[in-house]
Amino acid sequence: MRGRFTLRPSVMADLPFQIHVEFPTATPLKAPFEVRGWIASSRPVLAVGNGGGEGEWLELKPRPDVAEARPDSPHAVGFRGWVGSGALDGDALLLLVRCGERKHRVTLPLDPVQPPPDHLQVRQVGSVWGANFYPAGRQIFDQIADAFAQVKHPLTAAERVLDFGCGCGRVLRSFGEVNHTGEIWGCDIDGESIAWNETNLAELARFYANPSEPPTRWEDGFFSAIYTVSVFTHLPEELQMAWVRELHRLLSAGGVLVASLHGEHYWQRDPAVAAEVAQRGFAYRTGEATAGLPEFYMVAYHSIEYIRQNWGRYFEVLAHLPAYIAGAHDAVVLRRRADS
Ligand SMILES: C[S@@+](CC[C@H](N)C(=O)[O-])C[C@H]1O[C@@H](n2cnc3c(N)ncnc32)[C@H](O)[C@@H]1O
């Protein structure tokens, strides 16, 4: 489980270099789409582009991390850019690589997407996202990882990571696509999603169906990094604070928590909510329940001042990133305070 690159290593035996696609990992894809990955080669890599003959070239950058891991391949480069439909052949990605004097056409098989069942997608994200469910999760994963990187606490180097409220692994699944050194855990109150993860994502992470209220099964300080996407956006105030205390208990000294919140991007849409958030920093609105989830699971809004005042006893606010997650949720980056 530790340090593996992937659900789908794409290293080709008959090429004079190793090539790995980090994104996308699965088809079907709608063109144009973004491609990211790396090549480790003993000879200079001059260009990487669409293998379907459309003359689209990708940006190349050195990848010292890849070169360091492969001393026999000093010319390690990352590639990144957008390609059109010519770069796809069914479930395979076609790339053209100019390495030394030669051009190589490379066919890289991608996994066909197997998203969770429709009703679980609806429970997690409100509708059926199908083939886009995991690619969208990957974008969020990258944003969360960047937030950890900003405070010099890299997610992929954390010893134990928890995705709190992981649903059916939309974000967590990305750990299968990146090099990481830690042990990954996901938990959720939704036992059906946890059971699905245990069947379909068991090679990536361990899972736990937690109760609606703390405590959880883990000992104090079990995790060094915790992230949580769209969970505190749904909890009533008291339950929220109970979970803030529990996540504080679960983090080790100096551990970092990244949480998504409904910030101004959301509360400014409704004057009554905006007024309540302006007055006391928090609002909670009830409405139609989500099928399969408890009645408390509604909609919550926060101001950053509220977080400083109410979560501040447990966490130091290192950063507040408005409308950061998929251009919508705020992210707060928090460091665990020592026990008072
Ligand atoms: C909007 S979904 C997001 C799921 C996942 N984080 C993602 O981004 O795809 C919210 C999730 O929070 C879970 N949840 C709500 N309250 C929770 C709690 N107290 N502990 C763990 N999970 C909780 C729900 O079951 C649901 O799976």
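Which residue in β14 stands opposite leucine 162? The tour below reaches the answer after a view of the whole chain.

**Before starting.** Residue numbers start from 1 in each chain and follow the sequence as written. The model is predicted, with local features requiring pLDDT of at least 70 and side-chain atom pairs counted only at pLDDT 80 or more, while totals for chains, interfaces and linings use all residues.

**The whole chain.** Display the C-alpha trace of the protein chain, which spans about 65 × 40 × 35 Å along its principal axes. The radius of gyration is 21 Å, in agreement with the value near 20 Å for a compact globule of 340 residues; it is taken over C-alpha atoms, and the globule rule is 2.2 Å times the number of residues to the power 0.38. Colouring by secondary structure shows 8 helices and 19 strands, which are DSSP runs (H or I of at least four residues for helices, E of at least two for strands) numbered from the N terminus. Of the 340 residues, 41% count as buried. A residue is buried if 20 or more other C-beta atoms, placed from the backbone, lie within 10 Å of its own, exposed if 12 or fewer do, and partly exposed in between.

**The two domains.** Select residues 17-112 as domain 1 and 118-336 as domain 2, bounds that come from an automatic or database domain assignment. Their C-alpha centres lie 33 Å apart. At the boundary, 6 residues of domain 1 are in contact with 6 residues of domain 2, contact being C-beta atoms, placed from the backbone, within 7 Å. The domain 1 side of this boundary divides into 4 nonpolar, 1 polar and 1 charged residue. Here Ala, Val, Leu, Ile, Met, Phe, Trp, Tyr, Cys and Pro count as nonpolar, Asp, Glu, Lys and Arg as charged, and the others, Gly among them, as polar.

**Strand β11.** Next select residues 160-164. This strand is largely enclosed by the rest of the structure, because 5 of its 5 residues are buried. In a regular strand the side chains alternate between the two faces of the sheet. Arg160, Leu162 and Phe164 point one way, and Val161 and Asp163 the other way.

**Its partners.** Add β12 (residues 183-188), which pairs with β11 in the parallel sense over 5 bridges; strands pair if DSSP finds at least two bridges between them. Then add β14 (residues 223-228), parallel to β11 and joined to it by 3 bridges. Aspartate 163 has a bridge partner in each strand: glycine 186 in β12 and tyrosine 227 in β14. The opening question is answered here, since isoleucine 226 in β14 is the residue opposite leucine 162.

**Onward to β15.** In β14, 6 of the 6 residues are buried. Extend the selection to β15 (residues 251-261), which runs parallel to β14 and is joined to it by 5 bridges. One of the pairs to display is threonine 228 with alanine 259.

**Valine 151.** Move to the loop between α3 (133-150) and β11, where valine 151 is found. Valine 151 counts as partly exposed because it has 14 C-beta neighbours inside 10 Å. Beyond its neighbours within four places in sequence, valine 151 is in contact with Val256, Leu318, Ala319 and Val333.

**The ligand.** Finally, select the 21 residues surrounding the ligand, the closest being Gly165, Gly167, Arg170, Val229 and Ser230. A residue belongs to this shell if its C-beta atom, placed from the backbone, lies within 6 Å of the ligand. The shell divides into 10 nonpolar, 8 polar and 3 charged residues.

Note on methods
Two residues are in contact if their C-beta atoms, placed from the backbone, lie within 7 Å.
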